Amino acid sequence: QDKKSRPLLLLDEPFSRLKGEDANRRALAIVQEISKRLGLQIIMISDERVSREDIISNADKVFQVSQGRNGVSQVKILN
């Protein structure tokens with residue numbers, strides 16, 4: 001097995017039912033801790049229920065995807 005590959009967990013808006021920025025901020029911290037403890041690579045799709053700064057500070061890499069002209073996705077790396 002390639003030493004750089006890690007188990008992957010894909011989360012699609014896992015906090016959509018949480019209310020309030022504090023609850024979402026705590027959930028982000030929990031996901032980060034799970035990733036570290038279990039050695040998981042986590043890819044999470046988020047609709048920004050917390051500040052962008054909170055997301056960036058809890059992630060190794062953040063990509064912002066938006067729909068550009070002619071329906072073509074635009075990807076921007078935020079950190």
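## A single cavity

There's one cavity of 30 Å³ or more in this structure, which is a predicted model. The largest cavity holds about 100 Å³ of space. Its lining runs to 13 residues, and the ones nearest the centre are Phe15, Asn24, Ser46, Asp47 and Arg49.

What sort of residues line the largest cavity, by class? Seven are nonpolar, and the rest split into three polar and three charged. Among the contributors, H1 and strand S2 (41-45) each put in at least two residues.

## Phe15, on the cavity and in the core

Phe15 is worth a closer look, since it turns up in the cavity lining and again in the largest nonpolar core. Setting aside neighbours within four places in sequence, Phe15 is in contact with Asn24, Ala27, Leu28, Val31, Met44 and Arg49. Of these partners, Asn24 and Arg49 also lie among the residues nearest the cavity's centre, while Ala27, Leu28 and Val31 are fellow members of the core.

The core has eight residues in all: Phe15 is joined there by Leu11, Ala27, Leu28, Val31, Val50, Ile55 and Val62. Helix H1 (residues 21-38) gives the largest share, with three residues.

## The open side: the largest pocket

Now for the pocket. The largest one takes in about 900 Å³ of space. It's lined by 26 residues, and Ile42, Met44, Ala59, Lys61 and Val62 sit closest to its centre. Two of those names have come up already: Val62 belongs to the largest nonpolar core, and Met44 is in contact with Phe15.

Which elements each supply at least two residues of the pocket lining? They are H1, S2, H2 and strand S3 (63-67). By class, the lining comes out as 13 nonpolar, seven polar and six charged residues.

## Overall layout

Stepping back, the protein chain has two helices and four strands, in the order β-α-β-α-β-β along the sequence. Its C-alpha atoms fill a box of roughly 40 × 35 × 20 Å along the principal axes.

Of the chain's 79 residues, 18% count as buried. Among contacts between residues at least 6 apart in sequence, 50% link residues at least 24 apart.

## How far to trust it

The chain averages a pLDDT of 87, with 96% of the residues scoring at least 70. Where is confidence highest, and where is it lowest? Strand S1 (residues 8-12) comes out on top at 93, and helix H2 (residues 52-57) is at the bottom with a mean of 86. As a rule, predicted coordinates shouldn't be read in detail where pLDDT is low.

Methods. Residues numbered from 1 in each chain as written. Predicted model: local features only at pLDDT ≥ 70, side-chain atom pairs only at ≥ 80, totals over all residues. Heavy atoms only, no water. Core = buried A, V, L, I, M, F, W, Y, C linked by side-chain atoms within 4.5 Å. Buried < 20%, exposed > 50% of the residue type's maximum accessible area, 1.4 Å probe, protein only. Contact = heavy atoms within 4.5 Å. pLDDT = per-residue confidence, 0-100. 1 Å grid on protein atoms, 1.4 Å probe; cavity = no way out; pocket = protein on both sides within 12 Å on 5 of 7 lines; lining within 4 Å. Points joined across faces, edges and corners; volume = space filled by probe spheres on them. Nonpolar A, V, L, I, M, F, W, Y, C, P; charged D, E, K, R; others polar.
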